[in-house]
Every structure is written in structure tokens, then in C-alpha cells.
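Dear colleague,

I am handing over the structure we spoke about, with a short account of what turned up in it. Please look it over before reading on.

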Protein chains: 2
Amino acid sequence: MSKPDTQTPRGRYRAQVREEVKRHAWEQIAAAGASALSLNAIAKQMGMSGPALYRYFASRDELITELIRDAYRSLADTFRARARADAGSKAGAGADLGDLAHALRGWALDDPQRYFLIYGTPVPGYRAPEDTTRTASEIMAVILDACAAAPAGSPGSPASPAEKLPTTHPSPFDAHLDAHRAWAGPHPAPSSALHRALLFWTRLHGVLSLELAGHFAGMGFDPAQLYTAEAEAVMGR
Amino acid sequence: MSKPDTQTPRGRYRAQVREEVKRHAWEQIAAAGASALSLNAIAKQMGMSGPALYRYFASRDELITELIRDAYRSLADTFRARARADAGSKAGAGADLGDLAHALRGWALDDPQRYFLIYGTPVPGYRAPEDTTRTASEIMAVILDACAAAPAGSPGSPASPAEKLPTTHPSPFDAHLDAHRAWAGPHPAPSSALHRALLFWTRLHGVLSLELAGHFAGMGFDPAQLYTAEAEAVMGR
């Protein structure tokens, strides 16, 4: 019984109300930003008193934590579905990094507010509880699997095939990661794969977040092609 | 007379009040986020009526625009000072890309709110007027100068010197940029330099924004070293 409270009518009603609160919360975030979230305003929209709503979410921060958890969970599910599909169609463990990059962009474009809630400007005054990062670690584990399964080569190699060279020289940052790899847990990936996983995160976030915030609008080039070029650079293709 | 209104006592008083409004606005942004900015709350803090304050800023959006302009202006000044210093100490036009990367990180760490106001989650309902992007273009021009002056090679080459190869093969994205280079204006930089300039922006933003938002906290590695490795990858070193 991992979710005992949805087994009773009272429990199901509670779950329904919480879902409705979250729908209103996303609307508020789209209209006025996460930092302007107001439980009282949501109560008013739902025809409830403030104190009645506080029985479902004890504070604004509890509501934000739930939205962040949902967002991480949704991305983790998207990545794991991709990894399963790749494992079914190809030999070798782990998803294809290019497929994960493509899945990440689709997920972000599908709901930019959700993307920004977890990867955008922090909400002032909000502190995520420790366990919020557990799902973030699951996401990183899928990326690490894919990086460990990727062909050898330096992370961040240039996109042109003519320049691709297999190498055994660890970069200075690889050496640094070798000494600071606790964040990867017991994952056996070599430090070059850890480096690649970080670049998958930072480089794709760099393009995606600027695209979603409208910085490329009017510049004329196709952000999808820049994104693909960066994904290929991370893969060393 | 480009700023005639600071030549009279009335004009100087007006400039002082506007500066004080902006100081309060930055405090509000730090406490509750840019989307929660309230001219009425600022008026109250300053002991003025709302209508009196509206004579200094006609709307929340006008105030946000002024803050964004200040932020871009500050970064442009930082970059240009760096470019001037480099031009004085070295042959060749343009700043050193590594120096610009270092200056960008210092500027961002110095005031993360300012960084996030221009590069973070967009403020819902706010639309920047056309001319806001003029200073952004000045910033890009300094980066383009530095990229055009950088040694030849593919942008995004790996950090290990052993892998560095000069190349004349344009990547598919370089070819795309060649056909979509209006954003660079009349700048004579080749498309590989345009590509490098975009990577300077997206890759450094990727690391910086995740660092400033606290995503690397507790991971153990040094974000400054990841940042330096990415700056070197952009430079092709």
C-alpha cells in the first residue's frame, strides 16, 4: 500500500482537490510567475476558504515542492521511456544520447513553464526539501548510463567528422571530476563519461533556456539546428 | 545635450527619485521576484502616493525595461572595458575570449538577480520594447570581435591539446549560419566565428545559470573549473 489514501472515497476526493489546486497553480505561474503564487487566490477561484485549502497544502512552499516533484517525475518518466525504447531496439545498455537530447527538447517545448520552474530563476524565499533532488538524481542516472554506453572519445568534440579523434588524454577537468565524483553515486562510468553527462546538461540547457526565453527570436537562425549541433558535439560526433 | 534633464535642479531631482525607485525595485526582486514588482508598494516605502510615483515611472513594465537596460548596459560596459584593456596589452583587435568569459562570470556572480533578470525566466506579461535589444547587440558585437580575432579552428573543439586540429570543413550548422547571419549585422566574421560567438553565449550561460540557481550545490565539483573548461572548449584550446 504505497498510496493508501486513494483507496477510500475520502482519499480519492483529497487527491482530486490537490490536482485541481495544482492546475490553478500552473495557471497562476503562467499569468504572474511562480513567486506570485497565492494559496488564498487559488482558494477564492475554487470557491473555498483559505483555511479549508490549507488542509490540502499547508503552505505555498509545499505546493511549489509538489509542482517541482511532478516536473522532475515527468522528465524522469520521459527519459526512462526513451531508454526502454532504445534498449528494445538496439544492443547495449542505456539510451542513445541523441534520443535523450531530442526527448528533452520536446519535453521542454511542450511546457516551458514547467521547464523554467525547475531550471529557471529560483523562486525567492523557496528552499526545496532534500528529497526533491532524488528524482533529479534518477534523471542524471539515465544520462550517465547513456554517456557510459556512448562511443569513446572526448566529450564536447567538434561536430565535424574530420576532426574526430579518439583520445586517451584526460582533460584537466576530467581529472578534477575523478576526485569529485560523489554526485554520480556508485555509477561505474569513467570520469570522461561524467564530464559528458555534465555537458549534456549544461550545453543543452544553455540553448534550450535561451530559446524558451525568446532570446533567439528575430535572430533568423533555427534554434533546433543549434540544439542538434550541440547535442552532436556532446556525443563527440 | 543628450541628457538635458539633469542640467536643472528639477531634472536632477527627478533623476535621483528614479534611482531610488530602482533601488527599491531591486530589493523587491530579491525578496519576491521580478513578477511581483509593485509600483504601489515602492511608493509606500518611499512615503509617496501611487499617483505621485507614476509621474516617475508610468507603469511596472517601464520600470522593468529600465532595470533591464541598466543590466545590459552594465554588462556591455564590463565587456568593453575588458576589450580596451586587452587591446592595450596585445596586438590584434578584439578582447581575448577567455578574458571575456572570466569577466562575464565575475559580473554574474556579483549580482545574480541582475543576471537572471535578463537571462532567466521571462517575467509573465512583460514585453521588452525593440530598443532594449540594441545594447544586447553591442554585447554580441564585442563577442564577435573576440571570436573573429581568435585563432582559427572549429568552435567547440575539445579541451585536450592533443585533439586540436585546424580545419577547413564547415559544420552543417556553420553552413546554416552562413545563410542566416542577419543578426550579426555587417560584421565581417566568418560563419565559424558566428558559431563560436553563439557557443560562447549558450555554453557559458548553461553553466552559469545552473550554478547561480544552486543546481551544482552539494555535487562536490568546482563549478569554476567546469566553467573554465567550457570557455576553453569554446576557444578551441
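What follows covers the cavities, one pair of helices and one annotated region.

Please bear in mind throughout that this is a predicted model. The structure holds five cavities of 30 Å³ or more, and the largest of them has a volume of about 330 Å³. Its lining is made up of 22 residues, of which A:Ser35, A:Thr121, B:Ser35, B:Thr121 and B:Pro122 are the closest to the centre of the cavity. Two elements give two or more residues each to this lining, namely helix 6 (112-119) of chain A and helix 6 (112-119) of chain B. In character, the lining of the largest cavity divides into 14 nonpolar and eight polar residues, with no charged ones.

Helix 6 of chain B also meets helix 1 (residues 9-32) of chain B, and the axes of the two come within 10 Å and cross at roughly 85°. Because angles of 65 to 115 degrees count as roughly perpendicular, helix 1 of chain B is described as roughly perpendicular to helix 6 of chain B. On the side of helix 1 the contact is made by B:Trp26, B:Ile29 and B:Ala30, while helix 6 contributes B:Gln113, B:Arg114 and B:Leu117; these residues divide into four nonpolar, one polar and one charged.

Finally, an unreviewed UniProt entry places the feature "DNA-binding region" at residues 38-57 of chain A. In the model, the end C-alpha atoms of that span lie 11 Å apart, and the span is 55% helix and 0% strand.

With best regards

Key
Residues are numbered from 1 along each chain as its sequence is written. Chains are lettered from A and ligands numbered from 1 in the order in which they are written. This is a predicted model: local features need pLDDT of at least 70, side-chain atom pairs count only at pLDDT 80 or more; totals for chains, interfaces and linings use all residues. Side-chain values use heavy atoms; hydrogens and water are left out. On a 1 Å grid over the protein atoms alone, a cavity is a set of points where a 1.4 Å probe fits but cannot get out, and a pocket is an open set with protein on both sides within 12 Å along at least five of seven lines; lining residues have an atom within 4 Å of a point. Grid points are joined across faces, edges and corners, and a volume is the space filled by probe spheres set on the points. Helices (H or I, at least four residues) and strands (E, at least two) are DSSP runs, numbered from the N terminus. Ala, Val, Leu, Ile, Met, Phe, Trp, Tyr, Cys and Pro count as nonpolar, Asp, Glu, Lys and Arg as charged, and the others, Gly among them, as polar. UniProt positions are given in the numbering used here, feature names are shortened, and annotations may be inferred rather than shown by experiment. Axes are lines fitted to C-alpha atoms, for helices over the stretch in contact, and angles run from 0 to 180 degrees between N-to-C directions. Angles under 35 degrees count as roughly parallel, over 145 as roughly antiparallel, 65 to 115 as roughly perpendicular and the rest as oblique. Contact means heavy atoms within 4.5 Å.
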